[in-house]
Each structure stands twice: as structure tokens, then as C-alpha cells.
Amino acid sequence: MRKTTRLLILRRLGFVLIILAVNILQNTKGFFFEPFGMRAFLLIPLVVSIGMFERSYAGALLGVLAGALWDSASAFWDGYNALILMLIAAICGLLINILMRNHLVTAMILSASACVIYSVAYVMFFIVARGLDSPGWLLMSFYLPSALYTALFTPLFYILVRAIMRATTVEEQY
């Protein structure tokens, strides 16, 4: 097996293991600090960081994996998280390819935006559509503070993903 293929397999395997670990950390009740009842949606900044480095296809597939794992622990098994995280990773990869530069400030902006979009879409699809009481209050008191709390973890995941990418990149000599 060629060295580049072996490093690519190791990189993707490393990302899968990190996704599994973060999924366990996020979805186990009481396993992660929840200040004032805010939950951290840790898979979102991880998927944004992976999408920024892996670009569109591989990032989207890893986003589907992260979302499917999140769906397996959620109350509704409808594939919402898999679809949203796939779109987030693919869009982040495309934005880095076409429009933006890959650095920490961009990761913070994309991650905060993705968290807010995820929270608003979740409230629209699962709270407003089901006719539950006080969707605005729930959005402002739980989902948006949780989105901002989640965005604080972006530098940690960005640095981790960047370290894995640097460790598994082969410089081609001509």
C-alpha cells in the first residue's frame, strides 16, 4: 500500500474515532458540563472543522456519520441531524474551496453560524411544526444560548483537526 493511501486511511479513521468520542461526550447526560442548563452541541463545530479541512465530499460523508450517531441518541429518529450536519460540512468545504480562507477566525464564524442555523431550524421543524407552546421563549432561553456556548469549543476542534491533517499529509517531491 502506498504511503499516501495509508495516511489517508489513518486520517479518516482518526476522524471517525474523534466523532465517536465527541458523540459519547455530547449525548451522555451529566458527562459534560452544562452551565445554566445550556447543552453544548459539540458535533457541530467538529463537523465544521472537518468540512473545512476535508472539503466537500469527505467532509459531507463524515458529517452524515456524525449526524447519524446523533440521531441514534435523539428522541426522533428521522435523520434530521444527519441531513443538517452533512449540509453544514459540505457547505463549509465549498466555502473554503471557493470563497474563504482556512483559518481560525473563519472557523469561528462558520461554526457560530452553523450553530444558530441548526438551532433555528430545529425550533422551526420540531417545536413550531408540532404546535408546542412558547417556541420563541424556548429559542431565546435554551437554543440560542446553547448555540453560543457550543461556538466557544470551535478553537479546540479546529486545532485538533488541523493537527491531524498536518500529521497525515505527505509532501510530494518533484
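## Arg55 and its surroundings

In this predicted model, Arg55 touches Ile50, Ala60, Ala89, Gly93, Ile96, Asn97 and Asn102, when residues up to four places away in sequence are not counted. Arg55 is found in the loop between helix 2 and helix 3, and with a relative accessible area of 28% it is partly exposed, because that value falls between the 20% under which a residue is buried and the 50% over which it is exposed.

Two polar interactions of the Arg55 side chain can be described. One reaches the backbone oxygen of Met52 at 2.4 Å, and the other is a polar contact of 2.7 Å with the side chain of Asn97. Phe41 stands 14 residues from Arg55 along the chain, and the C-alpha atoms of these two residues are separated by 21 Å.

## Glu54 in helix 2

Glu54, which has its place in helix 2, is buried, with a relative accessible area of 9%. The side chain of Glu54 is joined to that of Arg12 by a polar contact of 2.9 Å. Leaving aside neighbours within four places in sequence, the residues in contact with Glu54 are Arg11, Arg12, Phe15, Gly59, Leu62 and Met165.

## Helix 4 and the cysteines

Helix 4 has 19 residues, which at 1.5 Å a residue should span 27 Å, and the end C-alpha atoms are indeed 27 Å apart, so the expected and modelled spans agree. The buried residues of helix 4 include Tyr80, Ile84, Leu85, Ile88, Ala89, Cys92, Gly93 and Ile96. What covers the buried residues of this helix includes helix 2, helix 3 and helix 5.

Cys92 is buried, with a relative accessible area of 3%, and Cys115 likewise counts as buried, at 0% relative accessibility. The closest cysteine sulfur to that of Cys92 is in Cys115, and because the two sulfurs are 10 Å apart, they are too far from each other for a bond. The structure as a whole holds zero disulfides.

## The nonpolar core

The largest nonpolar core has 47 residues, among which Ile44 and Leu46 touch the most other members. The elements that give two or more residues to this core are helix 1 (3-27), helix 2 (43-54), helix 3 (56-73), helix 4 (80-98), helix 5 (104-128), helix 6 (135-151) and helix 7 (154-167). Helix 5 supplies the largest share, ten residues.

Leu46 shows what such contacts look like: with residues up to four places away in sequence not counted, Leu46 touches Ile18, Ile19, Val22, Phe157 and Val161.

## Aromatic pairs

A search of the whole structure finds 13 aromatic pairs. In one of them, the rings of Trp70 and Tyr118 have their centres 5.0 Å apart and their planes at 25 degrees, so the pair is stacked. Trp70 lies in helix 3 and Tyr118 in helix 5, so this pair ties together parts that are 48 residues apart in sequence. Both partners are buried, Trp70 at 7% relative accessibility and Tyr118 with a relative accessible area of 4%.

The rings of Tyr122 and Tyr143, by contrast, have their centres 5.5 Å apart and their planes at 40 degrees, so that pair is tilted. Tyr122 in helix 5 and Tyr143 in helix 6 are 21 residues apart, and the pair links distant parts of the chain. Tyr122 counts as buried at 19% relative accessibility, as does Tyr143 at 10%. Ring pairs link these four residues with Phe41, Tyr80, Phe125, Phe126 and Phe142 into a cluster that includes Trp70, Tyr118, Tyr122 and Tyr143.

Terms used
Residues numbered from 1 in each chain as written. Predicted model: local features only at pLDDT ≥ 70, side-chain atom pairs only at ≥ 80, totals over all residues. Heavy atoms only, no water. Core = buried A, V, L, I, M, F, W, Y, C linked by side-chain atoms within 4.5 Å. Buried < 20%, exposed > 50% of the residue type's maximum accessible area, 1.4 Å probe, protein only. Helix = DSSP H or I, 4+ residues; strand = E, 2+ residues; numbered from the N terminus. Contact = heavy atoms within 4.5 Å. Polar contact = N/O pair within 3.5 Å; in protein donor to acceptor, adjacent residues only side chain to side chain. Expected span 1.5 Å × (residues − 1). Disulfide = S-S within 2.5 Å. Phe/Tyr/Trp six-rings, centres within 6.5 Å; stacked < 30°, edge-to-face > 60°.
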